[in-house]
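Have the model open in your viewer and the sequence beside it. We'll start with a single residue and then work outwards to the rest of the chain.

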Amino acid sequence: MKECEVCGKREAVTKAEIEGVVLEVCEKCAKFGKKVRTPKLLAKPSKPAPFPALSFFEDETPIENLGEVVKKLREEKKFSQEELAKAVKESVSIIKRIEEGWVPPMKIVEKLEKFFKVSLREKTESFLEKKEEKKEKAKLTIGDVADIKGK
Ligand SMILES: [Zn+2]
């Protein structure tokens, strides 16, 4: 009999993933983790996947308002989301998510660029600068509002 690797008190009857580590556990302790079916995972703690947008071009990111731009370009072409999805060989849900503001991996951005014949990326540096600019603008706006209230 093998002891439960969590409490050591009862007999291990199943495998469960607890905080990323697969352990042999008793019925009681199994409730704290996810049940694991494949015994292959036993020795390997799960690794987080690399961040998709950065794995392709480290110094380039999709433009900040990619979703808006894609939607506009698509509507200019009088394409439905389904038609655009077909044209770039991606699923409709991908197109929907992009238009809702999801940042896709650069390889998808690249397909959209080829299709629309426009650049939809920017250098990470300029991307950061832009954010700073925005912050400055936001500060001004708050200040302006305070001014008006003070008058
Ligand atoms: Zn236990």
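Is Pro104 buried or exposed, going by its C-beta neighbours inside 10 Å? Before the answer, some ground rules. This is a predicted model, in which local features need pLDDT of at least 70 and side-chain atom pairs count only at pLDDT 80 or more, while totals for chains, interfaces and linings use all residues. Residues are numbered from 1 along each chain as its sequence is written.

Now the answer: Pro104 has 22 C-beta neighbours inside 10 Å, so it counts as buried. The cut-offs are simple: a residue is buried with 20 or more other C-beta atoms within 10 Å of its own, exposed with 12 or fewer, and partly exposed in between, the C-beta atoms being placed from the backbone. Pro104 sits in the loop between α5 and α6. Setting aside neighbours within four places in sequence, Pro104 is in contact with Pro62, Ile94, Ile98 and Val109; contact here means C-beta atoms, placed from the backbone, within 7 Å. Thir is also a longer link to look at: Pro104 and Thr61 are 43 residues apart in sequence, with 9.6 Å between their C-alpha atoms. 

Let's zoom out to the chain. The protein chain has seven helices and five strands, where helices (H or I, at least four residues) and strands (E, at least two) are DSSP runs numbered from the N terminus. Read from the N terminus, the order of elements is β-β-α-β-α-β-α-α-α-α-β-α. Of the 151 residues, 17% count as buried. Among contacts with a separation of 6 or more, 42% are between residues 24 or more positions apart.

How far can you trust the coordinates? The mean pLDDT of the protein chain is 79, and 66% of its residues reach 70 or more; pLDDT is the predictor's confidence in each residue, from 0 to 100. Residues 53-57 have pLDDT below 50, although this stretch has nine contacts in the model beyond near neighbours in sequence. Where pLDDT is low, the predicted coordinates should not be read in detail.

Next, the sheet. Three strands make an open, antiparallel sheet in the order β2-β1-β3, with strands counted as paired if DSSP finds at least two bridges between them. β2 (21-25) and β3 (34-35) are at the edges with a single partner strand each, so one side of each has no neighbour in the sheet. Five bridges join β1 to β2, and Thr14 has Val25 in β2 as its bridge partner. These two strands form a hairpin with two residues between them, and Glu19 in the turn has a positive phi of about 50°. On the other side, two bridges join β1 (residues 14-18) to β3, with Glu17 opposite Lys34 in β3. What about burial? Four of the five residues of β2 are buried, so β2 is largely enclosed by the rest of the structure.

Now for the helices and what they pack around. The largest nonpolar core has ten residues: Leu66, Val70, Leu84, Ile95, Ile98, Met106, Ile108, Val109, Leu112 and Leu120. Such a core is a set of buried Ala, Val, Leu, Ile, Met, Phe, Trp, Tyr and Cys residues joined through C-beta atoms within 7 Å. α3 (66-76), α5 (92-99) and α6 (106-116) each supply at least two of its residues, and the largest share, four residues, comes from α6. A second, separate core of nine residues includes Cys4, Ala16, Val22 and Leu23.

α6 deserves a look down its axis. Its buried residues are Met106, Ile108, Val109 and Leu112. They fall within an arc of 155°, taken from the directions from the helix axis to the C-beta atoms, so they line one face of α6. The face turned away from that buried side carries the exposed residues Lys107 and Lys114.

In helix α3 you'll find Lys71, which counts as partly exposed because it has 17 C-beta neighbours inside 10 Å. The C-alpha atoms of Lys71 and Glu99 are separated by 6.0 Å, with their positions 28 residues apart along the chain.

Finally, check the backbone angles of a few lysines. Most residues other than glycine have a negative phi. Lys78, in the loop between α3 and α4 (81-87), has a positive phi near 60°, and with 7 C-beta neighbours inside 10 Å it counts as exposed. Lys89, in the loop between α4 and α5, has a positive phi near 55° and is exposed too, with 9 other C-beta atoms within 10 Å. Just after α6, Lys117 takes a positive phi of about 60°.

Methods: Two residues are in contact if their C-beta atoms, placed from the backbone, lie within 7 Å.
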